[in-house]
Amino acid sequence: MNDKTSALCYNVRMLLENHRTLQTLIICIFAEAMNFLTTFIFYQTLRIPLFFDTIWTVAIVFYAGLVPGLCVSLVYNIINAGLWTLQEGFFDPFILLYAICGVLIVLSTWIIARRKEEFKISMPVTILYLFLIVLLSSFCTIIAGGIIDFFHYMYYEIPDMMNPIKNFTESFVRQRFSLLTSCILGQIPISFMDRLLATFTGFGIYRLTTTFFEKKL
């Protein structure tokens, strides 16, 4: 009887575990699709000079943790590089290198977002933590993105999809800053605003999602 009970408990536990895994997988696929849709609507169609490609990745980090967030980020950048290659007719390896920025965004978000209980203390504390994520992820993307842009300029023509940062960078070059310094400084306004929008919107999506599932349960 004990063996049968243990076996039943094990099967139930495995079923629940598989259910959570399947649920997380479905949510990650949905977030991936929404990253592309959000980018298409706001950046490519409306021409708003921000990337809009990590809002749903941030939401996944809050909802499911580090590994799902990394998967969503890496898959997005791989698919995006493939789409760019099909569109332009040649492979630009630097497009794929921007996955480094995505990974740094996920890591810097997760470092703070994993303290979920502390986010519940009060609204000011939540806002403070979100601003810390914005500052940390902005710093990472500004430095990493600037260095990648520097080498991108050295070997390839910066594509039109990066035109907002390109304009800022060239304005600093005209002021006789070095190319590397210009690439890093050119990242600041776009990257900071993008991280601010993505972090707060991603957290909002996470809260709506958790509220929805809590009601379902």
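**Note on an all-helical predicted model**

1. F62 touches T109, A113, K116, F119, L130, I133, F203 and Y206, leaving aside residues up to four places away in sequence. The model is predicted, and this residue is a convenient place to start reading it. F62 and F119 have the most contacts inside the largest nonpolar core, which has 29 residues. Helix 1 (2-45), helix 2 (55-64), helix 5 (99-113), helix 7 and helix 9 (179-216) each supply at least two residues of that core. Helix 2 gives the largest share, eight residues. In soluble globular proteins, nonpolar side chains tend to be buried together.

2. A second core, separate from the one around F62, has five residues. Its members include Y98, C101, A144 and I148.

3. On the overall fold: the protein chain has nine helices and zero strands. Read from the N terminus, the order of elements is α-α-α-α-α-α-α-α-α. The chain has 217 residues, of which 39% count as buried. Among contacts between residues at least 6 apart in sequence, 69% join residues at least 24 apart. The accessible surface comes to about 12,600 Å², and 71% of this belongs to carbon and sulfur atoms.

4. Is helix 2 enclosed or open to the outside? Nine of its ten residues are buried, so helix 2 is largely enclosed by the rest of the structure. The buried residues are I55, W56, T57, V58, A59, I60, V61, F62 and Y63. After helix 2 comes G65, with a positive phi near 105°.

5. N35 belongs to helix 1 and is buried, with a relative accessibility of 0%. Its contacts, not counting residues up to four places away in sequence, are F52, D53, T54, I55, W56, T57, V72 and Y76. Of these, I55, W56 and T57 are among the buried residues of helix 2. N35 is therefore a polar position to inspect alongside helix 2, given that its relative accessibility of 0% counts as buried.

6. Helix 7 (residues 123-155) can be read through two of its residues, V134 and F151. V134, in helix 7, is buried at 0% relative accessibility. V134 touches F192, R195, L196, T199 and F200, with residues up to four places away in sequence left out. The C-alpha atoms of V134 and L197 are separated by 8.9 Å, although the two residues are 63 apart along the chain. F151 is also found in helix 7, but F151 is partly exposed, with a relative accessible area of 39%.

7. Which residues make the nonpolar surface patch? The patch, about 690 Å², is made by F139, I143, I147, F151, M154, Y155 and L180. Helix 7 gives the most to the patch, with six residues. F151 can be a member because its relative accessible area of 39% is over the 30% required of patch residues. An α-helix has 3.6 residues a turn, so residues three or four places apart point the same way.

8. Two backbone angles deserve a look. Most residues other than glycine have a negative phi. R47, in the loop between helix 1 and helix 2, has a positive phi near 60°. R47 is exposed, at 65% relative accessibility. R176 lies in the loop between helix 8 (163-174) and helix 9, and its phi is positive as well, near 70°. R176 is exposed, with a relative accessible area of 80%.

9. On cysteines: a disulfide is a covalent bond between the sulfur atoms of two cysteines. How many disulfides does the structure hold? The structure holds zero. For C28, the nearest cysteine sulfur is that of C71, 6.9 Å away. C28 is in no disulfide because that separation of 6.9 Å is beyond the 2.5 Å within which two cysteine sulfur atoms count as a pair. C28 is buried at 13% relative accessibility, and C183 is buried at 0%.

Key
Residues are numbered from 1 along each chain as its sequence is written. Side-chain values use heavy atoms; hydrogens and water are left out. Patches are made of residues with over 30% relative accessible area and no salt bridge: like charges are joined within 9 Å, nonpolar side chains (Val, Leu, Ile, Met, Phe, Trp, Tyr) within 5 Å. Accessible areas come from the Shrake-Rupley method with a 1.4 Å probe; for residues, only the protein chains shown count as cover. A salt bridge is a side-chain nitrogen of Lys or Arg within 4 Å of a carboxyl oxygen of Asp or Glu. Helices (H or I, at least four residues) and strands (E, at least two) are DSSP runs, numbered from the N terminus. Buried means under 20% relative accessible area, exposed over 50%, partly exposed in between (1.4 Å probe, protein chains only). Contact means heavy atoms within 4.5 Å. A nonpolar core is a set of buried Ala, Val, Leu, Ile, Met, Phe, Trp, Tyr and Cys residues joined through side-chain atoms within 4.5 Å.
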